[in-house]
Every structure is written in structure tokens, then in C-alpha cells.
Amino acid sequence: MTSLKAIIFDLDGTLVDSARDLQDAANALLAEQGLRTISLDELKAMVGDGVVKLVERALAATGGDLSRLPVLAARFLEIYEADAARHTEAYPGVPETLEGLKRLGLSLAVVTNKPYAATIDILETLGLRRFFGAVVGGDTLPERKPHPAPILAALERLGVAPEAALMVGDNYHDVQAARAAGTRAVAVTYGYSHKPHAELGADRLIDTMPELLPVVENAVAA
């Protein structure tokens, strides 16, 4: 097995809990349209496939006008990006784990379906931006996860081959993208998964971010 040189992280549901800010923005948009609000649990089931999908799911759930999806997705982004990190916070142990990974000499990247500007805003607000040598957002390339292109673009920037990398995410599209890119995959059992974790097809499941360190230490030594 090739020794591990890079870790790629999903953002929402993996490194950070952003559900409350996403819910606030979605409900502000829905209120503008005279529609009912959505609960936090409803919102969590809508996250992961980018802004357009999130807004589409919110409109479908509340009886909104799907023919106006492009306009409403743009409006959602306007609302959300104005204050994307008000309630968003890193999951327990994330900063310490990232420090530990850097001490092991690993290159780190974020690959997310969230738009790039909001991603950078959140990483900077939470003091996490410094850890990452590459950040690929949902609007950085024409393709998004589960397509492998975003992972491959991040690895190219890091100068690391796919077989020497590991993707860490919380959802099926993270594991699918990792498989398609030729990287290993670890899934966290918290976050916003749309499927039972055992069905994601990851090489390993972890319940907390600090559990990643011993997994990685073994892979680095391989």
C-alpha cells in the first residue's frame, strides 16, 4: 500500500456544523416567497449536493415554484454569503486533529460542494484556513462531487498522487468521488449523511474527528 501523503476533507458535516446558518438562509428565502419554514432536521436532509439542490429540495418540501429555481438559488446565495459563519462551528477535536496531521507532515485540502467564497469565509472565521494547501469549492470547476474532478484538482495543487491520498467525508458523494478519483475513503458517522453509514462504502468509519489520527498514523507508516 502506498504511504499516505495527503488528506482531503469535505466541509459541511465533516469539519464544520453549518446547518443552523444554512437553515436561517433557507428560511429567510422561503419567508420572502410566502412559504413555510423548514426544521433543522429537514435542512440537514437537504445538504450536500450544492446550493441549487438545497434550494430545489427546500422549495419542493414547501410547495414553492420550482420554475424559478435559478433566480431563487441566486437569492439564497446572496442571503447566505452575507453571514455564512454566524452560527457555524468546527466539530469537537477538528483543530487539534488538523494540527496533528500537519505535524505528521501531511498536505491537507478541502473539497466541498459549498461555493468557494462561503467556504473561505467559514475557514477564515474559524481559524482553519491556515491548515489547507488547496481549497476547491462547488463553483471552482464545472463538476462537483461525486465527480472525481474536484478531488483530482486539489491533489494536483498539492502535488500528490491519488493513491497516496485519503478523502474524509460524511456523505455518499464523498465516498463516490474518492472511489472515482482513486483515493482511499473514511466516513464520519456524524454530519448529514443521506444513507446509513454502513452503506457508504468507506474503507473506515470514525465517530469523532480525533479518531482519524491513529488511522492516518498507520497509513503514513505503511
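The buried residues of helix α7 are Ala149, Pro150, Ile151, Ala153, Ala154, Leu155 and Leu158. In this predicted model, they amount to seven of the ten residues of the helix, which spans residues 149-158, so α7 is largely enclosed by the rest of the structure. The protein chain as a whole has nine helices and eight strands, and 51% of its 222 residues count as buried.

**Overall form**

- For a chain of 222 residues, a compact globule would have a radius of gyration near 17 Å, and the value for the protein chain, 17 Å, agrees with this.
- The C-alpha trace spans about 55 × 30 × 30 Å along its principal axes.
- Among contacts with a separation of 6 or more, 66% join residues that are 24 or more positions apart.
- The exposed area of the protein chain is about 9300 Å², of which carbon and sulfur atoms supply 51%.
- The chain carries 21 positive and 30 negative charges, and the mean positions of these two sets are 3 Å apart.

**Helices α7 and α8**

- The buried residues of α7 pack against four strands, namely β1 (6-9), β4 (107-111), β5 (134-136) and β6 (165-169), and against helix α8 (172-181).
- Helix α8 is itself mostly covered, with seven of its ten residues buried.
- Those buried residues of α8 are Tyr172, His173, Asp174, Val175, Ala177, Ala178 and Ala181.
- They pack against the helices α3 and α7 and against the strands β6 and β7 (184-188).
- A glycine with positive phi comes just after each of these helices: glycine 159 follows α7 with a phi of about 70°, and glycine 182 follows α8 with a phi of about 85°.
- The loop between β5 and α7 contains proline 146.
- The peptide bond that leads from lysine 145 to proline 146 is cis, with omega near 20°.

**Nonpolar cores**

- The largest nonpolar core is made up of 56 residues.
- Within this core, the residues with the most contacts are Ile7, Phe9, Leu15, Phe76, Leu98, Phe132 and Leu212.
- Another core, of 22 residues, lies apart from the largest one and includes Tyr172, Ala177, Ala181 and Ala185.
- Three of these names, Tyr172, Ala177 and Ala181, also appear among the buried residues of α8.
- Phenylalanine 76, when neighbours within four places in sequence are left aside, is in contact with Leu22, Ala25, Ala26, Leu29, Val51, Leu54 and Val55.

**Two residues of helix α3**

- Helix α3 covers residues 51-62 and includes threonine 62; valine 51 lies in this helix as well.
- Valine 51 has a relative accessibility of 15%, below the 20% limit, and therefore counts as buried.
- Beyond residues up to four places away in sequence, valine 51 touches Ala73, Phe76, Leu77 and Pro115.
- Between the C-alpha atoms of valine 51 and arginine 204, which are 153 residues apart along the chain, the separation is 28 Å.
- Threonine 62 counts as buried at 12% relative accessibility.
- Not counting residues up to four places away in sequence, threonine 62 touches Leu30, Leu35, Arg36 and Ile38.
- One of these partners, isoleucine 38, is 24 residues from threonine 62 along the chain, and their C-alpha atoms are separated by 7.9 Å.

**Residues in helices α5 and α6**

- Threonine 97 belongs to helix α5, which runs over residues 94-103.
- With a relative accessible area of 1%, threonine 97 is buried.
- Its contacts, leaving aside neighbours within four places in sequence, are Met209, Pro210, Leu212 and Leu213.
- One of these contacts, Leu212, is listed among the residues with the most contacts inside the largest nonpolar core.
- Alanine 117 is located in helix α6, formed by residues 116-125.
- At 45% relative accessibility, alanine 117 counts as partly exposed.
- The C-alpha atoms of alanine 117 and serine 67 are separated by 26 Å, and the two residues are 50 residues apart along the chain.

Notes. Residues numbered from 1 in each chain as written. Predicted model: local features only at pLDDT ≥ 70, side-chain atom pairs only at ≥ 80, totals over all residues. Heavy atoms only, no water. Buried < 20%, exposed > 50% of the residue type's maximum accessible area, 1.4 Å probe, protein only. Helix = DSSP H or I, 4+ residues; strand = E, 2+ residues; numbered from the N terminus. Contact = heavy atoms within 4.5 Å. Core = buried A, V, L, I, M, F, W, Y, C linked by side-chain atoms within 4.5 Å. Rg over C-alpha atoms; globule rule 2.2 N^0.38 Å. Areas by Shrake-Rupley, 256 points an atom, 1.4 Å probe, with all protein chains shown as cover. Lys, Arg positive; Asp, Glu negative; His and termini not counted. Charge placed at Lys NZ, Arg CZ, Asp CG, Glu CD.
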